[in-house]
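Let's take a relaxed walk through a two-chain model. Have the sequence and the 3D view open as you read.

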Amino acid sequence: MLALNQLAVGAAAIIHELRLPESVEHHLMHMGFSPEARVVAVRRAPAGDPTVYAIDGMEIALRKETARGILVQLIPVQPGAVQSVNSAPGRPSHKASA
Amino acid sequence: MSCHATGIVDLPTTPRIAGQLRTVALIGPPNSGKSTLFNRLTGLRQKVANYPGVTVEQHFGKMAGIRRPDLTLIDLPGIYSLDSYSEDARVAVDVLQGNMPGSPQVDAVLLVLDSLHLQRQLMLAAPVLALKLPTLLLLNMSDLMEARGGAVDTLALAQELGVPVAKISAARGEGLEAIPRFLKQRGDREQAESLPAAPTRLELPVIGNARSYRQWATGVSTRTRYKAPLSPEWTRRLDRWLLGRVTGPMIFLLVVISVFQVVFSLGLPFSDWSQNGLNALGDLLGRHLHPAWLESLLIDGIWKGVASVLIFLPQILLLFLFIGILEDTGYLARAALIADRVMRLIGLNGKAFIPLLSAYACAVPAIMATRTIENKRDRFATILVAPFMTCSARLPIYLLVIAAFIPNKPLLGDFFGLQAAVMLGLYVLGFLAALFTARLLKSSVLKASSAPFILELPQYRVPTLHALGHRLLDRGTVFLKQAGTIILAVTIALWVLCHVPFHAGGFPELAHSVVGRVGQWIEPVIRPLGFNWKIGIGLLSSIIAREVIVGTLGTLYGSDPATQAVGLQQALRHDLTLGGAMALVVFFAFAMQCTSTLAVVRRETNSWGWPAIQFVYMTILAYVAAFATNVLVTRFFS
């Protein structure tokens, strides 16, 4: 279990919990950041912050202070598998490269 | 019954006949193509106003695009949810439930979702459907979805949700015939008063719970066999360059310089050119008018007043064209991302960068451009800080005073001299004042609200001329109608004050007019700044616009500033000390001397309080800074 801001670029994780003020949680959940959703850290801004995350087929940038409040579970990478950003848990993943 | 004979776009105000279909609401998340659809459905029959008490804009129009000009279409703000945490969502709910004063009862709803991201966008469908208004679900960008290998069973979706569903492409104008069909059915059905029981498996989730919305949305998309399309490779590939560690900032700098260059060296000369043209035309017309007082009123007062509003249009339209291209292609989000780290040091966010940059040309379009900042407090802070950026209207007085009082001493060889250094110093002063004010605001009155910085990076796409054109028309009209009227009124009022009271049957000299008397009256107050009563009159008359002071000083010192610039410089040197002169330019760096800016601030914040606070704060700051400058310069340089 780690905070989203600690997720390395290119790594995928499943969101476990949000520990943020209620209105922030609501906003984020409606953008797709809700428990059981699959998130990938795509890239960091040239200055290092914010970071762009892929979730639900969308790319959303969050600042470190917000990502810190999202707890995620790292998905171990299977050898030979291609990281996909379009799949949600329980659905067949598309072989789109990240 | 219907007022389609005239071209008037107004909300229906006559009492509503029960069951009649008159008003339709358009709702959907941001980036779902809702605006494109709105433009297609209403064509040019649109109107913009403000909802009472909030800064959310009210967009509505007549559905002339589908040949139903009797129907009003309200474009609700783009929202992700109906939760009450954002002002936009609160306004949308109020309008849909008929609780918004001045907004008519909504008879039907068009719900637009982006079919490229349907699973998540369905989260908005749940609370909208729960309102139990007759709804048509429109899956937009379905052409793109299918082209990229996506699919959905629309029949199953319609049965799941209990509402008709249609696949459309607003950008291409495809599939839109479903809308008039739905509206006709709706109208007929209400008249027939029969509602065939729609077989539905609609089980709405717990309202207000985001997690249950998501589970419901996932369930619906699974049962309707929704297959998300592959995201286009080229967005990712482009981002590798546009957001690269080195290439990103380089391209960003290029774009930034272009914006600045375009507005500064294209927009301003065009403004000057149109100003000269309008003035010349005015003089030409004036020659045919008798008596002289009528000519002065119509030409110097009203015509010049109208001209002073119109000259802003080229700059506004040019800036908005540029911003429109940046936004519609999707690059603006990337630019905000790159600028965010730096902007955060000031207490603002990355989206404020482009508006603040363009304020170096002119604050008026810059303040209108802050619409891209969704966070209300950040937007207000940006609006209040923008006028400190050294706008082009300050240049005439800067140049005059510097030429008159600063010797042409080289500092870095021939390249950089003392005069340029002072000019640069004034630019830096303005920037520092902006920084200081932003920090001050963000740590007190406009403390960071709980809305976090969340930025969606849309797919890159080619902007359409249609959308750009609509945007320009929209912003131009808003400016002319809502800011232009105030600017015109104040210009005419000032003209009157400069031309009364009558002296021996004719106009008084400037020094004897109301403005002149007040200028002399405030002299004791501005004496500590090193100013005299002539400067006082200049300050008063330039409350309208900064560049006015050069012409006023020319009149007062008895020389025509255009042809005898040297003469005016000599006259100033004779009348002012170095301390007073430096205090004058510092005063201009900090003071709010632009009714156009105040008018636009009033419009964008939808209150008179904010422009008033801005005016008072900047005046006090200007006075204190000018006083300090006068004291310091007199002490060290005289």
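What follows starts with the ground rules, moves to the contact between the chains, and ends inside chain B.

## Ground rules

This is a predicted model, where local features need pLDDT of at least 70 and side-chain atom pairs count only at pLDDT 80 or more, while totals for chains, interfaces and linings use all residues. Residues are numbered from 1 along each chain as its sequence is written, chains are lettered from A and ligands numbered from 1 in the order in which they are written, and side-chain values use heavy atoms, with hydrogens and water left out.

## Where the chains meet

How many residues does the contact take from each chain? Chain B puts in 41 residues and chain A puts in 42 residues, where contact means heavy atoms within 4.5 Å. Together the two chains bury about 4,000 Å², with 55% of it on carbon and sulfur atoms. Buried area here is the accessible area (1.4 Å probe) that two parts lose on being put together, summed over both.

Now for the polar side of things. Three salt bridges are counted between chain B and chain A; for each, a side-chain nitrogen of Lys or Arg has to be within 4 Å of a carboxyl oxygen of Asp or Glu. One salt bridge links Asp49(A) with Arg344(B), and their closest N and O atoms are 3.0 Å apart. Seven residue pairs, both at pLDDT 80 or more, are in polar contact across the interface. That term means a pair of N or O atoms within 3.5 Å; within protein, one must be able to donate a hydrogen and the other to accept it, and residues adjacent in sequence count only if both atoms are side-chain atoms.

## Chain B's side of the contact

Which elements of chain B supply at least two residues each to the side that touches chain A? They are helix H3 (118–130), helix H7 (210–223), helix H8 (233–242), helix H12 (331–346) and strand E10 (454–457). These labels come from DSSP runs, numbered from the N terminus: helices are H or I with at least four residues, and strands are E with at least two. H12(B) gives the most to this side, with five residues.

Sorted by class, this side of chain B has 19 nonpolar, eight polar and 14 charged residues. In that sorting, Ala, Val, Leu, Ile, Met, Phe, Trp, Tyr, Cys and Pro are nonpolar, Asp, Glu, Lys and Arg are charged, and the others, Gly among them, are polar.

## A sheet shared by two chains

Here's a neat bit to find in the 3D view. An open sheet of seven strands runs in the order E1(A)-E6(A)-E2(A)-E3(A)-E4(A)-E5(A)-E10(B), with antiparallel pairing. Two strands pair if DSSP finds at least two bridges between them. Its edge strands are E1 (2–3) of chain A and E10 of chain B, each pairing on one side only.

At the chain B end, strand E5 (residues 58–62) of chain A pairs with E10(B) in the antiparallel sense over four bridges, and Ile60(A) stands opposite Glu456(B). Within chain A, strands E2 (residues 12–18) and E3 (residues 38–44) run antiparallel and are joined by three bridges, with Ala12(A) opposite Val40(A).

## Backbone oddities

The peptide bond from Asp49(A) to Pro50(A) is cis, with omega near 0 degrees. Pro50(A) sits in the loop between E3 and strand E4 (51–55) of chain A.

Glu36(A) isn't a glycine, yet has a positive phi of about 80 degrees; look for Glu36(A) in the loop between helix H1 (22–31) and E3 of chain A. Arg225(B), also not a glycine, has a positive phi near 55 degrees and lies in the loop between H7 and H8 of chain B.

## Inside chain B

Chain B has 26 helices and ten strands. Of its 638 residues, 53% count as buried, which means under 20% relative accessible area, with exposed being over 50% and partly exposed in between (1.4 Å probe, protein chains only).

Is strand E1 (residues 23–27) of chain B mostly covered or mostly open? Mostly covered: five of its five residues are buried. Thr23(B), Ala25(B) and Ile27(B) point one way, Val24(B) and Leu26(B) the other. In a regular strand the side chains alternate between the two faces of the sheet. E1(B) pairs in the parallel sense with strand E4 (residues 68–75) of chain B over four bridges, and also runs parallel to strand E5 (residues 108–114) of chain B, again with four bridges.
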